[in-house]
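Q: Hey, can you walk me through how the chains in this one fit together? I'm new to this, so plain words please.

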Protein chains: 4
Amino acid sequence: MSKYESIKQSAYNANMQLPKLGLVIFTFGNVSAADRAEGVFAIKPSGVPYEELSPEKMVIVDFDGKTVEGKLRPSSDTKTHAVLYKHWEKIGGIVHTHSTYATSWAQSQRDIPIFGTTHADHNTVDIPCAPPMSDKMIQGDYEYETGFQIMNCLQERSLSYEEIEMILVGNHAPFTWGKTPEKAVYNSAVLESVAHMALLTEQINPKAPRLKDALIKKHFERKHGPDSYYGQS
Amino acid sequence: MSKYESIKQSAYNANMQLPKLGLVIFTFGNVSAADRAEGVFAIKPSGVPYEELSPEKMVIVDFDGKTVEGKLRPSSDTKTHAVLYKHWEKIGGIVHTHSTYATSWAQSQRDIPIFGTTHADHNTVDIPCAPPMSDKMIQGDYEYETGFQIMNCLQERSLSYEEIEMILVGNHAPFTWGKTPEKAVYNSAVLESVAHMALLTEQINPKAPRLKDALIKKHFERKHGPDSYYGQS
Amino acid sequence: MSKYESIKQSAYNANMQLPKLGLVIFTFGNVSAADRAEGVFAIKPSGVPYEELSPEKMVIVDFDGKTVEGKLRPSSDTKTHAVLYKHWEKIGGIVHTHSTYATSWAQSQRDIPIFGTTHADHNTVDIPCAPPMSDKMIQGDYEYETGFQIMNCLQERSLSYEEIEMILVGNHAPFTWGKTPEKAVYNSAVLESVAHMALLTEQINPKAPRLKDALIKKHFERKHGPDSYYGQS
Amino acid sequence: MSKYESIKQSAYNANMQLPKLGLVIFTFGNVSAADRAEGVFAIKPSGVPYEELSPEKMVIVDFDGKTVEGKLRPSSDTKTHAVLYKHWEKIGGIVHTHSTYATSWAQSQRDIPIFGTTHADHNTVDIPCAPPMSDKMIQGDYEYETGFQIMNCLQERSLSYEEIEMILVGNHAPFTWGKTPEKAVYNSAVLESVAHMALLTEQINPKAPRLKDALIKKHFERKHGPDSYYGQS
């Protein structure tokens with residue numbers, strides 16, 4: 001039995017949530033689950049349909065993107081996962097999808113404006129859309145550079161990966177992360193819902209104002225602040 | 001056996017309808033059921049996913065928002081429910097969701113115009129959108145003040161909570177109510193459908209006129225008037 | 001055993017298709033099935049949820065709108081069905097829904113333009129939207145007058161009920177019909193799909209042209225003309 | 001046992017995927033599967049609902065459109081399939097649907113712009129919309145001419161059927177193809193998703209730019225180039 005059994009199962013479970021939540025068709029997405037003690041993560045194999053997945057098919061990769069265990073080739077987005085795990089020490093899961101509304105915002109190259117409390121319950125800022133990568137980055141080690149594009153975007157906006165757990169990569173699609181793979185999947189579904197409602201909001205009222213600061217602060221703190229009173233813990 | 005068994009079961013059943021009707025994902029909503037004789041209501045515990053709910057997990061709270069029975073923390077929106085039950089003596093159920101279309105109208109800070117008979121079957125007026133709350137109200141006892149914001153909005157428009165059983169809170173999301181929790185859930189689904197069709201109506205014809213008075217009166221009365229001939233009673 | 005067994009079963013089956021096809025929520029629709037030899041039709045009882053329906057609960061009504069058999073009150077739209085059966089001798093089924101896209105076009109008070117072959121496979125003309133009724137008609141025998149509003153609209157456009165089996169009633173919602181209740185339900189689903197695509201077509205290209213005459217003729221005739229070659233009969 | 005058993009089963013399986021993927025209602029679509037050695041293809045019978053299909057009901061037709069085996073009349077679009085199989089020697093499956101978003105683009109008579117990597121993973125160019133056919137072609141052997149309209153459109157744009165496996169026929173609806181019927185069905189679902197996101201992208205940002213060349217090249221090559229690293233083979 002592999003010593004990576006636990007993250008394989010965890011990555012498998014989280015991957016199987018994507019089609020159930022309506023976030024992917026076919027093989028358009030992948031989730032990984034990290035084991036910080038071992039310095040590795042389990043990730044979906046490339047191009048394998050969800051109905052053919054099993055925990056054993058997950059591929060174990062280290063934080064430099066090298067395969068450690070597994071017969072199948074890992075997701076083509078593996079290096080993006082690796083570089084984020086390497087630099088962001090407190091995350092345990094990453095999700096990439098091409099979900100309909102979030103991907104459309106990414107294609108539009110616009111940040112998603114904070115219009116309401118659904119957004120504020122999870123983020124205090126607009127959801128950033130990283131600019132499309134330079135030709136040099138694209139022609140180089142593309143997936144590796146995608147990770148840096150994500151990190152650079154947060155840095156330029158003085159945002160920490162612990163404050164915001166989701167981003168759009170311009171022209172491409174969303175990435176989300178979290179302390180666990182389950183949380184990262186949750187963030188992907190929240191992002192899709194927020195992206196859908198932001199478009200509808202602009203359609204209903206092209207002059208809809210952004211959420212006022214007092215509400216942003218209140219909603220975020222009731223879920224995440226030191227005196228939070230949402231949930232059971 | 002708790003003397004609140006009946007409202008716990010009723011609140012549980014009504015909460016479980018929300019994901020089935022497509023009105024919530026994860027924990028984005030809550031339903032409560034009141035027992036007027038006991039002066040309490042049963043409400044969903046905070047942050048517990050629907051698939052883990054059971055009747056026993058419902059929390060019993062009085063009309064001042066104090067927990068009377070239950071091991072879990074009640075929904076973070078509990079005080080809004082409490083204040084509405086306290087002031088509106090004839091309601092037996094309240095629902096709060098972040099359903100996609102109704103929430104988008106709330107984010108847009110617009111009333112939903114009465115465009116057709118689907119709307120008129122349930123309301124004779126535009127569905128009101130209460131303005132976002134003042135910073136003072138937000139920084140104070142927020143959820144308690146949300147209840148007052150709802151009541152003030154109806155009062156300013158000279159509407160009774162018996163005439164209209166649904167409202168949008170600006171920048172936030174919808175609340176609905178009714179004589180029973182089932183009716184309040186029904187109202188949330190009707191609101192979502194009406195909100196969807198109102199947006200589509202404006203997209204198909206930006207100059208679409210509001211419904212004429214004679215039709216508003218006819219449709220509302222055939223369902224709700226003294227000579228109503230809809231339904232079996 | 002009732003001599004109306006057959007139409008009760010037929011009306012029941014057709015009514016149960018509406019929620020399956022996503023055309024109704026709760027009690028927002030009704031189907032009837034006619035027995036021409038007996039001069040009656042079976043129709044859904046008013047306000048009864050689909051999950052509580054059974055063939056025995058269908059109400060038998062004559063073409064003047066009088067209940068002939070059944071313990072429950074018939075649909076509040078019964079008189080509209082009756083007047084259409086009385087005047088249109090070759091129809092065997094009628095459907096009324098508040099389906100999302102068709103109803104939104106009705107609320108917009110616009111005909112649905114013929115943009116493509118999906119539309120032309122079923123109709124050679126724009127799907128008519130009857131104007132909202134006059135106050136006098138609304139305040140009179142409303143549902144009865146709704147039937148006349150539908151008939152008048154077709155007459156003004158020199159359309160026969162055999163050429164076009166669907167209509168929008170302005171500010172209200174769609175009605176469809178056919179030789180059988182199954183065909184009328186089929187027409188409601190086709191109308192909803194055509195209504196959805198017509199809106200999208202205008203959004204993608206506000207100057208999208210109507211379908212050219214040669215294609216209208218070709219597609220309609222391959223399904224319905226004397227030399228039709230669609231289907232098995 | 002028919003020597004065409006294998007393609008009948010294959011065509012049946014592929015046809016049954018269409019309603020599961022949400023690409024058709026009723027009988028609005030058809031898939032065929034070719035046997036190159038025998039010079040025939042199996043195709044859905046005309047006007048038969050998906051729930052009544054079985055492998056034996058598939059009709060065997062040669063590349064000139066003549067029925068070789070089968071009691072039912074083949075799909076009314078059979079000649080379009082035949083002409084494409086005859087001229088495109090390397091395809092093994094063809095799909096025609098009236099899926100909502102792709103059909104709306106076809107009705108709009110616009111190519112689908114390449115806005116993101118989801119599109120680029122499958123095509124390096126905008127998805128072409130063939131112009132509506134001339135009246136002469138329509139009045140002639142319509143379905144046969146539809147095949148030529150598709151081939152002419154690719155030829156005018158110097159595109160090979162191996163480079164792009166999907167097209168819109170103006171005013172009508174999409175056709176997709178591939179080496180196998182499964183791949184052709186996959187392409188229909190990808191097209192529908194890309195069509196949906198392209199509309200949303202323009203709604204979010206009417207000035208959204210097309211994807212830059214470096215990204216088009218990178219994404220297509222990682223799936224399809226000589227050094228592709230997507231999938232397991």
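A: Sure, we'll go through the symmetry, the contacts and the salt bridges in turn.

Q: Anything I should know before we start?
A: This is a predicted model, where local features need pLDDT of at least 70, side-chain atom pairs count only at pLDDT 80 or more, and totals for chains, interfaces and linings use all residues. Residues are numbered from 1 along each chain as written, chains are lettered from A and ligands numbered from 1 in the order written, and side-chain values use heavy atoms, without hydrogens and water.

Q: Ok. What rotation puts chain A on chain B?
A: A turn of 90° with 0.0 Å of shift along the axis does it, with an RMSD of 0.0 Å. The two copies are therefore related as by a four-fold rotation axis. The superposition is a least-squares fit on the C-alpha atoms of residues with pLDDT of at least 70 in both copies.

Q: Which C-alpha of chain A is nearest the axis?
A: That of Q203(A), which sits 6.0 Å from the axis.

Q: And how does chain C go onto chain B?
A: Chain C is laid on chain B by a turn of 90° and a shift of 0.0 Å along the axis, and the RMSD is 0.0 Å. In chain C, Q203(C) comes closest to the axis, its C-alpha being 6.0 Å away.

Q: Do chains C and B meet through the same surfaces or different ones?
A: Different ones, because only 3% of the interface residues of chain C are also interface residues in chain B.

Q: How many residues does each chain put into that contact?
A: Chain C gives 36 residues and chain B gives 33. Contact here means heavy atoms within 4.5 Å.

Q: What area is buried there?
A: About 3,000 Å² between chain C and chain B, with carbon and sulfur atoms giving 56% of that. On the chain C side, F26(C), R73(C) and Q107(C) supply 20% of the area that chain C buries against chain B, more than any other three residues. (Buried area is the accessible area, with a 1.4 Å probe, that two parts lose on being put together, summed over both.)

Q: What about polar contacts between C and B?
A: There are 22 residue pairs in polar contact between chain C and chain B, both residues at pLDDT 80 or more. A polar contact is a pair of N or O atoms within 3.5 Å; within protein, one must be able to donate a hydrogen and the other to accept it, and residues adjacent in sequence count only if both atoms are side-chain atoms.

Q: Which helix gives the largest share of chain C's side?
A: That's α3(C), with 7 residues. Helices are DSSP runs of H or I with at least four residues, strands are runs of E with at least two, and both are numbered from the N terminus.

Q: Switching to A and B: how many residues are in that contact?
A: Chain A supplies 33 residues and chain B supplies 36. Between chain A and chain B, about 3,000 Å² is buried.

Q: Which helix gives the largest share on chain A's side? I saw 20 polar pairs for A and B.
A: Yes, there are 20 residue pairs in polar contact across the interface of chain A and chain B. The largest share of the side of chain A that touches chain B comes from α7(A), with 10 residues.

Q: How many salt bridges are there across A and B?
A: The rule finds 3; it asks for a side-chain nitrogen of Lys or Arg within 4 Å of a carboxyl oxygen of Asp or Glu. One of the salt bridges joins E143(B) and R222(A), at 2.5 Å from N to O. R222(A) also forms a salt bridge with D77(B), the closest N and O atoms being 3.2 Å apart. D77(B) lies in the loop between β4 (67–69) and α2 (78–87) of chain B and R222(A) in helix α8 of chain A, so this pair joins two chains.

Q: And across C and B?
A: The count there is 3 salt bridges, including E143(C) with R222(B), whose closest N and O atoms are 2.5 Å apart. Over all chains, the whole structure has 48 salt bridges.

Q: Last one: how far apart are chains A and C?
A: Chain A and chain C do not touch, and their nearest C-alpha atoms are 12 Å apart. Chain B and chain D do not touch either, with nearest C-alpha atoms 12 Å apart.
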